[in-house]
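Let's take a walk through a protein chain together. Have a look at the model below, and then we'll go from the whole chain down to single residues.

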Amino acid sequence: MSTEVILHYRPCESDPTQLPKIAEKAIQDFPTRPLSRFIPWFLHDASKLPLKPKRSPPVISEEAAEDVKQYLTISEHDVKSQSYDCTVDLLEFQPNFKKRKHLIRSHSLNEQTNSGNLDKQSEKGRQHKKRFWSVSLPNSNCTENIFPLSKKLQDCLKALNLHSLYRARWTIEHAICNNQTLEDIWAKLNHIIRHNELPSCNATFQRHLGQIWVFCDIMYCEYVGSLLKGRLALTGKMNLLVHKYGVIFSM
C-alpha cells in the first residue's frame with residue numbers, strides 16, 4: 001500500500017535533497033512499547049483479603065433480636081397510654097393556692113411601683129443628659145465673608161495633595177480656654193452652631209479626653225478658626241488636624 005505525499009518547500013532551502021528523507025521519517029509509524037503485564041501487589045484471592053478488621057463483627061442471636069423487638073413495642077405502648085396533665089406546675093391548681101394569693105398580689109404591686117420609679121428616673125436622666133454632638137445646617141449667608149486661604153495653608157495643601165473639600169478638625173483644649181471651663185465653651189459653641197454662623201461645621205465634646213472637636217471643610221477652616229478664637233475668647237495655639245495626615249496647620 002503506497003502513500004501519496006505532497007511536499008512543499010521554500011526555494012531558498014540549502015539542500016532540497018534532504019527533504020524527502022525528512023518526509024519519510026515523518027510518515028513512519030509511531031513507535032509503541034508493549035505494556036507489561038499488570039501484577040497486583042496483593043494476592044488476587046477472594047478468600048484471602050489483603051486488609052482484615054482487627055476484631056470480628058458482633059453476632060446477635062435470633063433470641064436477642066426478638067427480645068429487643070418486644071421491648072420496643074412495650075415502650076411505645078407505654079408512651080401512647082400516658083395522659084398529659086396540663087395543670088401541672090400551675091399555681092391556681094395547687095391546693096394551697098388561696099394562701100399564696102395575697103403574696104402574688106403584693107409581688108405584682110411591688111413590680112408596678114418599681115417600674116414606675118424606673119420610668120421617673122429615666123425621665124430625669126433624659127432631662128439631665130449631656131449633649132455630645134452639635135451639627136450646623138447649610139447656610140449661604142455666612143460664606144459671603146469668607147476670604148481665600150492663606151498662602152501658607154495653600155502651600156501645605158499642595159505639598160500633601162489635599163483637596164479643599166477634605167474634612168479637618170480644630171481641637172479646643174482646656175489650656176487655651178482663658179479661665180473658662182470646657183462646659184462653658186461647649187455651651188457657647190452650641191449657640192454659635194445653632195445660629196448657623198459656622199459653615200459646614202459639626203462639633204463633638206470628648207469629655208473623657210478633655211477636648212472639644214470642631215469639624216469643618218478645609219476651605220472654611222481659617223474662617224472657622226478665627227471665629228472660634230474671637231467669639232469664644234480662646235488664647236494660645238489651636239491645631240488643625242486631618243485624618244491620616246496629623247496636624248497640618250496652627251493658628
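What follows starts with the overall layout and then visits a few helices and residues.

First, a word on ground rules: this is a predicted model, where local features need pLDDT of at least 70, side-chain atom pairs count only at pLDDT 80 or more, and totals for chains, interfaces and linings use all residues. Residues are numbered from 1 along each chain as its sequence is written, and side-chain values use heavy atoms, with hydrogens and water left out.

Let's begin with the big picture. The chain has 6 helices and 6 strands; here helices (H or I, at least four residues) and strands (E, at least two) are DSSP runs, numbered from the N terminus. Going along the sequence, you meet them in the pattern α-α-α-β-α-β-α-β-β-α-β-β. Of the 251 residues, 23% are buried, where buried means under 20% relative accessible area, exposed means over 50%, and partly exposed is in between (1.4 Å probe, protein chains only). As for contacts (heavy atoms within 4.5 Å), take those between residues at least 6 apart in sequence: 66% of them join residues at least 24 apart.

Now for helix α4, which covers residues 151–160. Which of its residues are buried? They are Leu153, Cys156 and Leu157. Seen down the axis of α4, these buried residues fall within an arc of 95 degrees, so they line one face of the helix; the arc is that of the directions from the helix axis to the C-beta atoms. Some general background helps here: an α-helix has 3.6 residues a turn, so residues three or four places apart point the same way. Over on the other side of α4, Lys151, Lys158 and Ala159 are exposed. The buried residues of α4 pack against α6 and β6 (246–250). Just past the end of α4, Asn161 takes a positive phi of about 60 degrees.

That packing brings us to α6. Its buried residues are Cys221, Glu222, Tyr223, Val224, Gly225, Leu227 and Leu228. They have plenty of partners: α4, β2 (167–173), α5 (182–194), β4, β5 (239–242) and β6. Let's zoom in on Leu227, which sits in α6 (residues 221–231). Leu227 counts as buried because its relative accessible area is 15%. Leaving aside neighbours within four places in sequence, Leu227 is in contact with Ile192, Glu197, Leu198 and Leu232. Ile192 is 35 residues away from Leu227 in sequence, yet their C-alpha atoms are 9.8 Å apart in space. Just after α6 comes Ala233, with a positive phi of about 55 degrees.

Next stop, Asp217, in strand β4 (residues 211–217). Is Asp217 buried or exposed? It's buried, because its relative accessibility is 13%. The side chain of Asp217 makes a polar contact with the side chain of Arg167, at 2.9 Å. (A polar contact is a pair of N or O atoms within 3.5 Å; within protein, one must be able to donate a hydrogen and the other to accept it, and residues adjacent in sequence count only if both atoms are side-chain atoms.) Not counting residues up to four places away in sequence, Asp217 touches Ser164, Leu165, Tyr166, Arg167 and Ser200.

Finally, let's head outside to Tyr71, in helix α2 (residues 62–81). Tyr71 counts as exposed because its relative accessibility is 61%.
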